[in-house]
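Hi everyone, and thanks for making time this morning. I'd like to walk you through how two chains come together, so have a look at the screen.

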Protein chains: 2
Amino acid sequence: MNIGPYTFDEFKQKAAEFHGYAAPGLLVGGYMVELAKSRLPQGTLFEALVESQKCLPDAVQLLTLCSVGNGWMKVVNLGRYALTLYDKFTGLGVRVALDPTKLEMWPEIKGWYLKLKPKKEQDTDRLVDEIRRAGPSLCSMEEVVVPERFRRKAQMGAIGLCPVCGEAYPAHDGGVCRGCQGEAPYERLDQRQDMTDGPRLRAVPVGQAVGHKALHDMTRIVPAETKDPLVQAGQTLSPGDLCELQRMGRFEVYLEGDAA
Amino acid sequence: MNIGPYTFDEFKQKAAEFHGYAAPGLLVGGYMVELAKSRLPQGTLFEALVESQKCLPDAVQLLTLCSVGNGWMKVVNLGRYALTLYDKFTGLGVRVALDPTKLEMWPEIKGWYLKLKPKKEQDTDRLVDEIRRAGPSLCSMEEVVVPERFRRKAQMGAIGLCPVCGEAYPAHDGGVCRGCQGEAPYERLDQRQDMTDGPRLRAVPVGQAVGHKALHDMTRIVPAETKDPLVQAGQTLSPGDLCELQRMGRFEVYLEGDAA
């Protein structure tokens, strides 16, 4: 069954290009988004509320103009596989959820969605085929309203220059920016060197890495086929590994110890 | 100057298709993402950390495989216009920020970024042209490391069925899902009817709306040209308004009172 303007296979292709691979949740999500769109009055200027961080936001971004960067899509992670499209002025909208009571005919979908078996026992081809055949029949739908207080956009207000990092930030955040208040989830590399006093990591061309141990896993992603580690941390690299690494576009590696 | 594989005009077009319009922040963001990519060792499997919710996440999503739905992009809103691309295994990466000290040559960019003048006084054409000419020269860059605790993916764990709403949810959220614990930012329409006892809104074909008052603003978006309200709340609709509404794809409207 088609997903909006796309055939199922076209949407799989678009999903792989945007998301890295055609994840089952993204394919189901495509049907969910199109179902919600079809129930809004024609021409409605709508925004989106997504209740899961997994896959579903990308279905919205692929099939509507709502995105995280333009603020027309909000992700409120409630851990439920559901989304709402609503009129941005009135808040009136349609909520679509993947309904656990509608999965009896589709054993692979049920097993995947409710995590009834380990991922490696899933039959991906059959799962994707069930999703294609089931289409929007897996969904339940209800009319909802998103109240004005949730639709309001936060205003950034005046801009200040942070006296610590020198960057621009919303002045109402305080005397220094929130990054410099301790919320930044990274460390500067020079500071880290000071703190750990360890050697600085550097990348080594793969041609010089044979016989040395990999510092970390290296994953090979072939869209819709595999995303398993090709090399695992601590594994001694063979000439064959290096060919594979180069074929997947990895020309430099990090090694254990001071091998380089 | 080109933005990765795109000419500036091609990227503007892609930005408009994905984001609704070619926002200045998205165009600057394109240069920022490409600068960070160019400093990672070739073949690095990287993830992204974005410090602003505005525009910048969409630049990452347009120019990398990192997205909000595949979890390879995280938005930690610190209110700073900066992003980090980092090796997903080691955390080593490059942080690129839009640097306020590099704006002296570019008065429109400076005025826009530091909000030195009201939006309606901005000269958008000149702003976009300055962005095109300045390219990545507006950016500062530093090496950072994203520690393992921030790179770790949250595990969803076992799935339960919520006894209130019946939907699937992460069992570790508690006895009922977080939506039913009161975190859902919407109300069911039937419940709301019970609560307000007001009339139910319904859409009216535009052809029947002449002479009635619009219930809410209706915005006309022409990518890269305008996103101003065509009709404002309370405005009496003229036949001319209706033509414009139909031309922008709006065939039904909500009206004040019980006009329909």
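**Strands that cross between chains**

Let's begin at the place where strand E8 of chain A, residues 187-188, pairs with strand E5 of chain B, residues 139-145; the two run antiparallel and are joined by 2 bridges. Please keep in mind that this is a predicted model.

Which residues face each other there? Arg188(A) has Val144(B) as its bridge partner in E5(B), and Glu187(A) has Val145(B).

Arg188(A) also has a side-chain link to report. It forms a salt bridge with Glu142(B), with 2.3 Å between the closest N and O atoms. Because Arg188(A) sits in strand E8 of chain A and Glu142(B) in strand E5 of chain B, this pair joins two chains.

Now zoom out to the sheet around this spot. It is an open sheet of 6 strands with mixed pairing, and its order reads E8(A)-E5(B)-E4(B)-E3(B)-E1(B)-E2(B). At its edges are E8 of chain A and strand E2 of chain B, residues 73-75, each of them pairing on one side only.

**The other sheet**

Let's turn to the strands of chain A. Here we find an open sheet of 6 strands, again with mixed pairing, in the order E2(A)-E1(A)-E3(A)-E4(A)-E5(A)-E8(B). Strand E2 of chain A (73-75) and strand E8 of chain B (187-188) are the edges; each has a single partner strand, so one side of each has no neighbour in the sheet.

How many bridges hold E8(B) to strand E5 of chain A, residues 139-145? There are 2, and the strands run antiparallel. Val145(A) is opposite Glu187(B), while Val144(A) is opposite Arg188(B).

One step further into this sheet, E5(A) pairs with strand E4 of chain A, residues 92-98, through 7 bridges, also antiparallel. Among the partners in that pairing are Val94(A) and Glu143(A).

**How the copies are related**

What turn lays chain B on chain A? A turn of 180° does it, with a shift of 0.0 Å along the axis and an RMSD of 0.2 Å. That makes the relation one of a two-fold axis. Val68(B) is the residue of chain B that comes closest to the rotation axis, its C-alpha lying at 3.9 Å. Both copies use the same surface, as 100% of the contact residues of chain B recur in chain A.

**The interface as a whole**

Now for the totals. In chain B, 88 residues are in contact with 88 residues of chain A. The two chains bury about 7,400 Å² between them, and 60% of that is on carbon and sulfur atoms. Which three residues supply more than any other three of the area that chain B buries against chain A? They are Arg80(B), Pro185(B) and Tyr186(B), and they supply 10% of it.

On the polar side, 23 residue pairs are in polar contact between chain B and chain A, counting pairs with both residues at pLDDT 80 or more. The side of chain B that touches chain A is made up of 47 nonpolar, 19 polar and 22 charged residues.

And the salt bridges? Over all chains the count comes to 34, and 6 are found across the interface of chain B and chain A. One more pair to look up on your own screens is Arg95(B) with Glu167(A), a salt bridge whose closest N and O atoms are 2.7 Å apart.

That's my tour; thanks for listening, and I'm happy to take questions.

Conventions
Residues numbered from 1 in each chain as written. Chains lettered and ligands numbered in written order. Predicted model: local features only at pLDDT ≥ 70, side-chain atom pairs only at ≥ 80, totals over all residues. Heavy atoms only, no water. Contact = heavy atoms within 4.5 Å. Buried area = accessible area lost by both parts, 1.4 Å probe. Salt bridge = Lys/Arg side-chain N within 4 Å of Asp/Glu carboxyl O. Polar contact = N/O pair within 3.5 Å; in protein donor to acceptor, adjacent residues only side chain to side chain. Nonpolar A, V, L, I, M, F, W, Y, C, P; charged D, E, K, R; others polar. Pairing = 2+ DSSP bridges. Helix = DSSP H or I, 4+ residues; strand = E, 2+ residues; numbered from the N terminus. Least-squares fit on C-alpha atoms with pLDDT ≥ 70 in both.
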